[in-house]
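Please take a look at the structure below. The paragraphs after it lead through some of its helices and its nonpolar core.

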Amino acid sequence: MTELILSTGNIVSGGPSIIRKPGAFRSNLELTNSLRSNFLAAQEDYALEQAENSQSDDVNGNSDGSTNGTTNGTISGNGVANGVALDTGIGGRPPASVWTARRDGALYVPAIDWDAHGLQEEPAQYDITAKLFFLPGAPVSQRAQYAKQALEHVLRELRAPAVDLLIVSFPGMSFEGDCEWEADKQNAGQGNEDEEIATWPVIEELHCAGLAKKLGLAEYGTEKLSRFLQKVQVRPVVNQINLKNCCNVPPPLGKLAKEQGIDLLVHSDCTDILPEGTLRELLGPGLSGAGLLADPETGAGGLQGDLTPQWVVKYTAVVRDRGVIENKGYFAGAELAEE
Amino acid sequence: MGLLALGTALDWPDAKKQAQLVRSWGIKQLLEIWNKAKGKERDIMLWGDEVEYLVVTYSKDDPKILLSLRQADILEALASDKALSKARCCSDGSGSPSSQPPPVFHPEFGRFMLEATPGKPWGIGFRELLEVEPNMKLRRCIAKDHMLPNEYPITLTTFPRLGSPGVFTDPYYPASGSKLRSQFVPDEIANPHIRFPTLAANIRSRRGRKVQVNVPVFRDEKTPWPWRDPTVNYDLHQWPEDDDVRNGAAPDNFIHMDAMAFGMGSCCLQITFQAKNLTEGRQMYDQLSPLGPIMLALTAATPIYKGFLADTDVRWNQISRAVDDRTPEEMGEKPLVNDRWRIPKSRYASNSTYISEDPRLRPEYFDADLVIDEDIKQQLLDGGMDDRLATHFAHLFIRDPIVIFSEDLQELDLTKTDHFENIQSTNWQHMRFKPPPADNSIGWRVEFRPMEIQITDFENAAFTVFLVLVTRVILSYNLNFYIPIRRVDENMETAHARDAVLQKRFFFRRNLFPAVRAPRSAAGSGTSTPIPSRPPTPAGPVEDEYRLMTVNEIINGTAYARGTPTQADRDAAGESEGDFPGLMPLVESYLDSVNVDVATRCRLAAYLELIRKRASGELCTAARWIREFVEKHPEYGRDSVVGEKITKDLVERVIKVGEAEARGEGGMEGLGLGGLLGR
């Protein structure tokens, strides 16, 4: 069992991965593109750094470098994971040990230099929103752990004591149809309400611990929302829905939201934001992959086993009075079970 | 227009003698502000829009539409009404409870004009963006309420028959007054406040002749060719300047105009942004600069001058020429003897330099021949200003002050900025970089000035909101729009062409993002970057950084433009040189990243759709709409002449559109607006 933590870094100045395809509603392209480009950039950056170190320190390429970026002893002593030598470069890529890191039992893809992170001004200047996606293949029983882990990473990345808004997205739900009216009806039977309500105390706990000032939901139609509100202690104050072309909030939902003091916000995310196949491709040996996973055809080295995406968290820090997005990015958690 | 001080205005020969004093005091005042305000930090994002109106008289039975010259009375009626916001206009059906104090009305150069601004600046709350349109409607409604029943505020950029033979003002005054000496418009066309006639007279006097505003005429099937402006009188002998037309001031195939009112009588839509600090202000100034010509072409609304269809679509160059105070020596027509330098552009022109200390700003982007006053630059450097900003102000200060009040010359008051503003505010470039006022109470600001006013407040709000969002996108994504400043000049010229939005291509930067991804740290501009960044890519030739693009590509992106090709897109087909993301997809990406409620996002979507379709040609510009209105009019003889009946019907339509818009949604049917607004 290996826990993988994937990250995009700050994507607002990252170029093409933020560009929205015209008309492409509900997409995970931003996540997948920015992960891919961050992997690539990390491979280049850390390979360069290593090359510089090996020259200046006159030590071999497998040393931990020790002088810079990759803190926490991430490389030294961890040359072997899953019984596979990670030091072997695959397909011209630098070896995984160079650009990934182990910390607290998890493999960080890529390695993160936490010292360089944080916001430019004090956290009070920002509106920080985190959106947590519970993914369909992951066990519901672990959600407390996922939520904690996801939020911890966001707060560490931004060096903020809390997020202003934590939005939760449950699997198996969507707000789609010919028009929003239709979407609202279809929505009523979607998801797994028992699981969703059972999960909520986990989120409430984060709120009570002061880590999330306000809570929100995603993709809740009128019926689901009204049932949900009756069963929870700490009520969501936001419901994110997806809009297609018609731009009409179904009147029952609008009315309910108004009565209950819930803001209806817009989003354009996929609910199933990181399917297993996508993740495998991102980490795999293919042309667009990071070369972290073993190549089943050639048997070339790398990580092996079943991959299960568990959670994704998207975070955004907007300078409050200026409407400037200073930091936006994603973390994703996945489990690799050795065969 | 700022506050209008009263006093004794000096005529040109006397003003000229004081020019050096005003400049030197202006520089001292500038340094005073600079030292006080250079460290100002964390000002919040505030912004304001300015809408300008023409006031016309119209009644159904009167065959004539006239410009009302009652500006002063209307302003007085507005000023004396303390309960502006309680007017009947509040029940406009917008339903949005506004926290705004009543709007503010200002005089403008033209005595037939009015300017209105919101009662206080806007912030960046997204719901606040939705208050802009109701507020603009409120302004129009309040203005109308303080006019005579037959007077209407309209938002056409120019009055189609300004300067045409016959009567076009109410009341009527004869032309050829002593101040303007125009053979087409009376002195009374200008705001009577001493500042304005002095401005016009001193520009003319400094220049040594009248201003020459020549616009190419649109050649229609039956337009005589070569075309000689039939309204020009070559036989006037009242003023020395009457010789101008006999000396070639009115060339063939151009509509000839000869007074400041033809330019400064145009209405535009201007937006001013407050930056968080000096650095951000300079960044916004530079990055918005290359967008100026694009937004000018996209807002084109000025196809008629003096009763003729023009071959251009925008007002810009006409204003530029209408206030061009350069002498023949400065213009390069005579050897430099008395004047200090040749000056390539009018005081009203596109920006001539960049001002940011951005490392992405390459030396090649500057104009190597920028004219500056070296002594003034040295004073600014000695006073602690950096080279780039000192260069900018030393360029603005090559101009003479035009209007000087003798009362202001008694002693230098460093708690004021009047002398600095005298030069600064008569440099009408397409961007204006505004230092904080003397009391330092507000921040560094940047004014975006090229956009043309639109017929409806829906459109004016759409362009305003779009530009506000674009500034947030620029700052969030740290976009880089730099191209050589001379290319921005060229684009400004290109923007004038008839239907430039669909027919022309503009120089624009290929890649708005850094060539190398920023270090993977959160703090983009943090001081420590422990992760080694790759060596900077050696900068290639500047010419490779940009290419010609259509407005469709620039606004909507290459992918969208391929699906909705404009004529310019088709012309460029086959020489496609790489994809461009488009400003609109970047705005959408920004909106996807911030928390916006459904109703707000939908309203914003309507604005963005208008811009998108204007850029792709799915909707037409006001200029195209007006041209089509004229072309389809039964009285139009295909000879470029826009007669009184056509003018009346056009303005009547515009008034009806305004009334329908004020009544609320749905009243626009039958007004022929489908092609303009798409609804």
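**Two helices and a core**

In this predicted model, helix α13(B) meets helix α20(B). On the α13(B) side, the contact is made by Glu459(B), Ala461(B), Ala462(B), Val465(B) and Phe466(B). Facing them in α20(B) are Leu604(B), Tyr607(B), Leu608(B), Leu610(B) and Ile611(B). Nine of the residues in this contact are nonpolar, one is charged and none is polar.

How do the two helices cross? Helix α13 spans residues 457-477 of chain B, and α20 spans residues 598-616 of chain B. They pack at an angle of about 95°, and their axes are 9 Å apart. Angles of 65 to 115 degrees count as roughly perpendicular. α13(B) and α20(B) are therefore roughly perpendicular to each other.

Helix α13 of chain B also helps to cover another helix, α7(B). Helix α7 takes in residues 278-288 of chain B, and 10 of its 11 residues are buried. Among the buried ones are Leu278(B), Met284(B), Tyr285(B) and Leu288(B). Glu280(B), Arg282(B) and Asp286(B) are buried too. Besides α13, the cover includes strands β9, β14 and β15 and helix α8 of chain B.

Now turn to the largest nonpolar core. In soluble globular proteins, nonpolar side chains tend to be buried together. Here the largest nonpolar core holds 279 residues. Its largest share, 14 residues, comes from α13(B). Which residues touch the most other members of this core? They are Leu166(A) and Leu54(B). Leaving aside residues up to four places away in sequence, Leu54(B) touches Leu67(B), Phe112(B), Met113(B), Ile154(B), Leu156(B), Phe159(B) and Cys267(B).

Methods: Residues numbered from 1 in each chain as written. Chains lettered and ligands numbered in written order. Predicted model: local features only at pLDDT ≥ 70, side-chain atom pairs only at ≥ 80, totals over all residues. Axes fitted to C-alpha atoms, helices over the stretch in contact; angles between N-to-C directions. Helix = DSSP H or I, 4+ residues; strand = E, 2+ residues; numbered from the N terminus. Parallel < 35°, antiparallel > 145°, perpendicular 65-115°, else oblique. Contact = placed C-beta atoms within 7 Å. Nonpolar A, V, L, I, M, F, W, Y, C, P; charged D, E, K, R; others polar. Buried ≥ 20, exposed ≤ 12 C-beta atoms within 10 Å, placed from the backbone. Core = buried A, V, L, I, M, F, W, Y, C linked by C-beta atoms within 7 Å.
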